[in-house]
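I opened the notebook on this model to look up its metal sites, its helix packing and a few backbone details. The entries follow in the order in which I looked.

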Amino acid sequence: MNATQNFIQENKDRFLSELVDLLKIPSVSADASYAEHVHKTAESVANHLTIIGLDNVEICKTAGYSVVYAEKIIDATLPTVLVYGHYDVQPADPIDLWTSPPFEPVIKTTAVHPEGAIFARGACDDKGQMFMHVKAMEAMLKTGELPCNVKFMIEGEEEIGSTNLAIFVENNVEKLKADIILISDTGMIANDVPAITTGLRGLSYVEVEVTGPNRDLHSGLYGGCVANPINILTKMIASMHDENNRIAIPGFYDKVVDLTDEERAEMAKAPFSLEKYCEALNLADISGEKGYSTMERGSIRPTLDVNGIWGGYTGEGAKTVIPSKAFAKISMRLVPDQDPHEITQLFTDHFNAIAPGSVRVKVVPHHGGEPVVTPTNSIAYQAASMAYETTFNKKPIPVRSGGSIPIVAMFEKILGLKTILMGFGLDSDAIHSPNEHYGLFNFYKGIETIPHFYKNFADLSK
Ligand code: BES
Ligand code: MN
Ligand code: MN
């Protein structure tokens, strides 16, 4: 692997400038007005995969944004790694809170990233992390040190639920045959505390609408006499957590798998400072389900959160009005063995049941995803663990993450494949937030670590 590592060192600056160019294309999948840019990003990714020397590069059309596919089959008897990543990004808003424009990448230093971080939407989630795989592959291909087969599948709809990718996977089971799925779209604990993500939460997402009177009303003439849908909606939402911050939807916890005391004790060994956590978020105190630590609340326990709420008058000054409607978007993060469809149904039934007769309610489900837990006793885990040990001089800690990558459960269901989550981001990298960034240390460490995974995985598979 020496030639590979030398190649990486010699080409560092070019790798970074190529990433900068990729980050300049605003591939926002959620907003149709960016469609042209999303398509251009797929072309750019395909171009990169061609230039580095992969074969059969294809921009596969779907009902939505394309899936970019490529492969290098060096020997059919060797194992195959299937790399997944996404080239789409979250919307950049609120734009005013960015200290530099989201699609004009710049390198700035931060307390956590003294050697610099690249600031741009998608820098960490997931263009920067996906691109590490492209560059690590380039290094292995150019030096003739790729030790096994590889397939790349980079999609453009992860941030909007991967619905079309699931269909693509179903229709291409043979093409996607592999031994393991490799993803960098998660994080580590700190730059000196590497971690391997061993679980992702699932997701159920609904939009609710509460309707009172058939039109907005004068709050003096009608106030006190008719139901105010905002008052009602906020009360309904407030009732969904009990005094211990447990979710009050009947049946919600029925299928939750509790961790054993040993597992919880193991989890508690990961370094965590409540003081630093609060300081980073400018919080006086934390909040969450009684009986669980912050780390547990954010990974092995399910949640219910309002993501947005609106209705009535929110413009300048005061308008005395009782609104006709109130709305909210609500997400529930799920853990094994909760089923997103079942949870959406439980929510809907409960929401209807607690609505007073003075209003009408509607629940519209959005995309969801199943939770996953990945094994720590597999060849892939061992290969990844050894790879981190080589480049960080430290054994990585297995950590269950609170985020979701819905396609991972589908990979297991449709392809029968396990996933290894080798993420290099940090929680402080502000993914989905203004000023998203990705450390140069992390970008380069990822590129250096990935080839070791391939080597270890090929060796251990023998
Ligand atoms: N890469 C993230 C998920 C993630 C981030 C997992 C950090 C673990 C650690 C992914 O792009 C994402 O944002 N997923 C969405 C789900 C999707 C259905 C919109 C999420 O978790 O909200
Ligand atoms: Mn992502
Ligand atoms: Mn994301």
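Before looking at accessibility I fixed the terms: buried means under 20% relative accessible area, exposed means over 50%, and partly exposed lies in between, with a 1.4 Å probe and protein chains only. By that scale I entered histidine 432 as partly exposed, because its relative accessible area is 40%.

I noted that this is a predicted model, in which local features need pLDDT of at least 70 and side-chain atom pairs count only at pLDDT 80 or more, while totals for chains, interfaces and linings use all residues. Residues are numbered from 1 along each chain as its sequence is written, chains are lettered from A and ligands numbered from 1 in the order in which they are written, and side-chain values use heavy atoms, with hydrogens and water left out.

**Entry: manganese ion (ligand 2)**

For donors I took N, O and S atoms within 2.8 Å of the metal (3.2 Å for Na, K and Ca), and I kept in mind that water is not among the atoms, so sites may look incomplete. Which protein atoms are the donors of the manganese ion (ligand 2)? I found His86 (NE2), Asp125 (OD) and, listed twice, Asp185 (OD), lying 2.0 to 2.4 Å from the ion. Along the chain the donors of this ion follow the spacing H-x38-D-x59-D.

On geometry, four donors count as tetrahedral if all angles lie between 85 and 135 degrees; four count as square planar and six as octahedral if opposite donors are over 155 degrees apart and all others between 65 and 115; anything else is irregular. The site of the manganese ion (ligand 2) is irregular, with angles of 57 to 166° among its six donor atoms.

**Entry: manganese ion (ligand 3) and the bridge**

For the manganese ion (ligand 3) I listed Asp125 (OD), Glu159 (OE), entered twice, and His432 (NE2) as protein donors, lying 2.0 to 2.5 Å from the ion. Their spacing along the chain is D-x33-E-x272-H, and this site too is irregular, with angles of 56 to 154° among its six donor atoms.

Which residue bridges the manganese ion (ligand 3) and the manganese ion (ligand 2)? Aspartate 125 does, and the two ions lie 3.6 Å apart. Helices (H or I, at least four residues) and strands (E, at least two) are DSSP runs, numbered from the N terminus. Aspartate 125 lies in the loop between E5 and H4 and histidine 432 in the loop between strand E17 (419–421) and strand E18 (437–439), so the pair ties together parts that are 307 residues apart in sequence.

I also checked whether the aspartates are buried or exposed. Aspartate 125 is buried, with a relative accessible area of 7%, and aspartate 185 is buried as well, at 11%.

**Entry: helices packed on H13**

Two packed helices are described by the angle between their axes and the distance between the axes. The axes are lines fitted to C-alpha atoms, for helices over the stretch in contact, and angles run from 0 to 180 degrees between N-to-C directions. Helix H1 (residues 2–10) and helix H13 (residues 440–461) pack at an angle of about 165°, with their axes 10 Å apart. That makes H1 roughly antiparallel to H13, given that angles under 35 degrees count as roughly parallel, over 145 as roughly antiparallel, 65 to 115 as roughly perpendicular and the rest as oblique.

The axes of H4 and H13 come within 8 Å and cross at roughly 50°, and H4 and H13 are therefore oblique to each other. With contact meaning heavy atoms within 4.5 Å, the residues in contact include Phe131, Met137 and Met140 of H4 and Phe443, Ile450 and Tyr454 of H13.

I followed methionine 140 of helix H4 further and found it buried, with a relative accessible area of 0%. Methionine 140 and tyrosine 454 are 314 residues apart in sequence and 9.5 Å apart in space, C-alpha to C-alpha.

**Entry: backbone details**

The peptide bond from aspartate 125 to aspartate 126 is cis, with omega near 0°, and so is the one from aspartate 93 to proline 94. Histidine 432 has a positive phi of about 70° although it is not a glycine.
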